[in-house]
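These are my notebook entries on one protein chain. I set down what I looked up, in the order in which I looked it up.

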Amino acid sequence: MAAADEAYDIRIGRDGTWYYHGSPIRRLPLVKLFATVLRRDAAGDYWLITRAERGRITVDDAPFVAVAVEVSGTGEDQVLTFRTNLDAVREAGPEHPIRVAFAPDTGEPSPYIRIAEGLDALLSRPVFYELAEIAVARDGRMGVWSHRTFFPLDQA
């Protein structure tokens, strides 16, 4: 087993591109395989963990990017289904919440959906705009419904 603090020269860019020694990994099946063993620890560090070894990797923002959203239903019964850059599909709801972080200096939003425990997908700009178009007001907040859960998109 590799040392617990071994670092791999792998980085995931903000746009979801995986890099090895600074070069993009162009083989999508390889990236998808790596994604299956990606974990995040309580300290916020990202790891590739197999039975044989583990190594820390660098993630610029979130390890995945939500590149598409499908909307079905209306109102509180609406369901938002997201697809990531690695073809993972998740329906927003209590187990896969949507959250928006705002940069303290600029107020620029960074919206995310939880993909797996500790692993989020950054919503691409077009996907976030689609959500903004269907946002509704509730208790003075603007947001979207999915699986009878309201997710605010604006700052409190």
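**Entry 1: Ala68.** I began with the contacts of Ala68. Leaving out residues up to four places away in sequence, I found that Ala68 touches Thr81, Phe82, Arg83 and Val127. I note at once that the model is a predicted one. I then located Ala68 in strand S7, which covers residues 64–72. For one of the contact partners, Thr81, I looked up the separation: 13 residues along the sequence and 8.2 Å from C-alpha to C-alpha. Is Ala68 buried or exposed, or does it fall in between? Its relative accessible area is 22%, so I entered Ala68 as partly exposed, given that buried requires a value under 20%.

**Entry 2: Ser72.** I stayed in strand S7, where Ser72 is also placed. Ser72 has a relative accessible area of 38% and is therefore partly exposed. Which residues does Ser72 touch once those up to four places away in sequence are set aside? I recorded Asp77, Gln78 and Val79. I also looked up a long separation: Ser72 and Pro104 are 32 residues apart in sequence, and their C-alpha atoms are 34 Å apart in space.

**Entry 3: Ser124.** I turned next to a loop residue. Ser124 is placed between strand S12 (119–123) and helix H2 (125–134). Buried or exposed? I asked this of Ser124, and its relative accessibility of 17% makes it buried, because the limit for that class is 20%. Beyond its neighbours within four places in sequence, Ser124 is in contact with Val65, Ala66 and Val67. These three contact partners fall within the range 64–72 of strand S7.

**Entry 4: aromatic pairs.** I searched the whole structure for aromatic pairs and obtained 2. One of them joins Trp18 and Phe34: the ring centres are 6.1 Å apart and the planes meet at 20°, so I classed the pair as stacked, the limit being under 30 degrees. Where do the two partners lie? Trp18 belongs to strand S2 (residues 18–20) and Phe34 to helix H1 (residues 28–36), so the pair ties together parts that are 16 residues apart in sequence. The two partners fall into separate classes of accessibility: Trp18 is buried at 2%, whereas Phe34 is partly exposed at 22%.

**Entry 5: Val31.** I followed Trp18 to another residue of helix H1, namely Val31. Val31 touches Trp18, Ile25 and Leu86, not counting residues up to four places away in sequence. The C-alpha atoms of Val31 and Trp18 are separated by 7.0 Å, with their positions 13 residues apart along the chain. With a relative accessible area of 4%, Val31 is buried.

**Entry 6: charges over rings.** I then looked up cases of a charged end over an aromatic ring. The charged end of Arg11 sits over the ring of Tyr19, at 4.4 Å from the ring centre. Arg54 lies over the face of Trp47, and there the distance to the ring centre is 4.0 Å.

**Entry 7: backbone angles.** Which residues other than glycine have a positive phi? I recorded Asp139, with phi of about 50°, and His147, with phi near 50°. Asp139 lies in the loop between strand S13 (136–138) and strand S14 (141–146). His147 is placed in the loop between S14 and strand S15 (149–152). Asp139 is exposed, because its relative accessibility is 70%. His147, at 36%, counts as partly exposed.

**Entry 8: the whole chain.** I closed with totals. The protein chain contains 2 helices and 15 strands, and its C-alpha trace spans about 50 × 35 × 25 Å along the principal axes. Of the 156 residues, 38% are buried. Among contacts with a separation of 6 or more, 46% are between residues 24 or more positions apart. The chain exposes about 9000 Å², of which carbon and sulfur atoms supply 50%. How many charged side chains are there of each sign? I noted 18 positive and 23 negative, with the centres of the two sets 4 Å apart.

Technical notes: Residues numbered from 1 in each chain as written. Predicted model: local features only at pLDDT ≥ 70, side-chain atom pairs only at ≥ 80, totals over all residues. Heavy atoms only, no water. Helix = DSSP H or I, 4+ residues; strand = E, 2+ residues; numbered from the N terminus. Buried < 20%, exposed > 50% of the residue type's maximum accessible area, 1.4 Å probe, protein only. Contact = heavy atoms within 4.5 Å. Areas by Shrake-Rupley, 256 points an atom, 1.4 Å probe, with all protein chains shown as cover. Lys, Arg positive; Asp, Glu negative; His and termini not counted. Charge placed at Lys NZ, Arg CZ, Asp CG, Glu CD. Phe/Tyr/Trp six-rings, centres within 6.5 Å; stacked < 30°, edge-to-face > 60°. Lys NZ or Arg CZ within 6 Å of the ring centre and 35° of its normal.
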